[in-house]
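Good morning, colleagues. Today I should like to speak about salt bridges, and about where their partners sit in the chain.

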Amino acid sequence: MSRALFIGDSQTCGYWSHPTKVGPGSYTYWNDNNYAEIYGEDNNKSVAIYAMAGVCNRVYTDWLSAMFEKYDDIDEVFICLAPFNRFRLAF
């Protein structure tokens with residue numbers, strides 16, 4: 001069976017924030033809005049997800065390498081690549 005790989009930031013790991021709360025407890029990860037898992041279910045396909053909220057996209061190459069070493073059946077790669085990382089823009 002083939003596998004799809006999803007790499008990205010908070011949107012890739014099912015991030016959700018509560019609109020009326022701030023700080024700890026106002027957000028969660030790996031929720032039902034995780035489109036990588038939804039893709040796997042809809043396409044009857046295994047998925048691997050490597051994601052972290054707020055991550056700089058400079059680590060994506062390391063993550064790709066690690067996943068290709070771990071899995072030999074990856075036939076699709078989806079990368080959530082914002083044009084500019086919001087933390088870099090803040091500087």
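I shall go through the salt bridges one after another, with their distances and their surroundings.

Please bear in mind that this model is predicted. How many salt bridges does the count give? The count comes to three.

Let me begin with D73 and R3. These residues form a salt bridge whose closest N and O atoms are 3.0 Å apart. R3 belongs to strand β1, residues 3-8, whereas D73 lies in the loop between α2 (60-70) and β5 (74-79), so this pair ties together parts that are 70 residues apart in sequence. Are these partners buried or exposed? Both D73 and R3 are buried.

I turn now to K45. With D75, K45 forms a salt bridge in which the closest N and O atoms are 2.8 Å apart. K45 is found in the loop between α1 (35-42) and β4 (46-51), and D75 in strand β5, so the contact links parts that are 30 residues apart in sequence. The partners differ in burial: K45, at 15% relative accessibility, counts as buried, while D75, at 47%, counts as partly exposed.

K45 also forms a salt bridge with E76, and here the closest N and O atoms are 2.5 Å apart. Because E76 lies in strand β5 and K45 in the loop between α1 and β4, this pair ties together parts that are 31 residues apart in sequence. E76 has 24% relative accessibility and therefore counts as partly exposed.

Which residues do shared partners join into one network? They are K45, D75 and E76. Thank you for your attention.

Conventions:
Residues numbered from 1 in each chain as written. Predicted model: local features only at pLDDT ≥ 70, side-chain atom pairs only at ≥ 80, totals over all residues. Heavy atoms only, no water. Salt bridge = Lys/Arg side-chain N within 4 Å of Asp/Glu carboxyl O. Helix = DSSP H or I, 4+ residues; strand = E, 2+ residues; numbered from the N terminus. Buried < 20%, exposed > 50% of the residue type's maximum accessible area, 1.4 Å probe, protein only.
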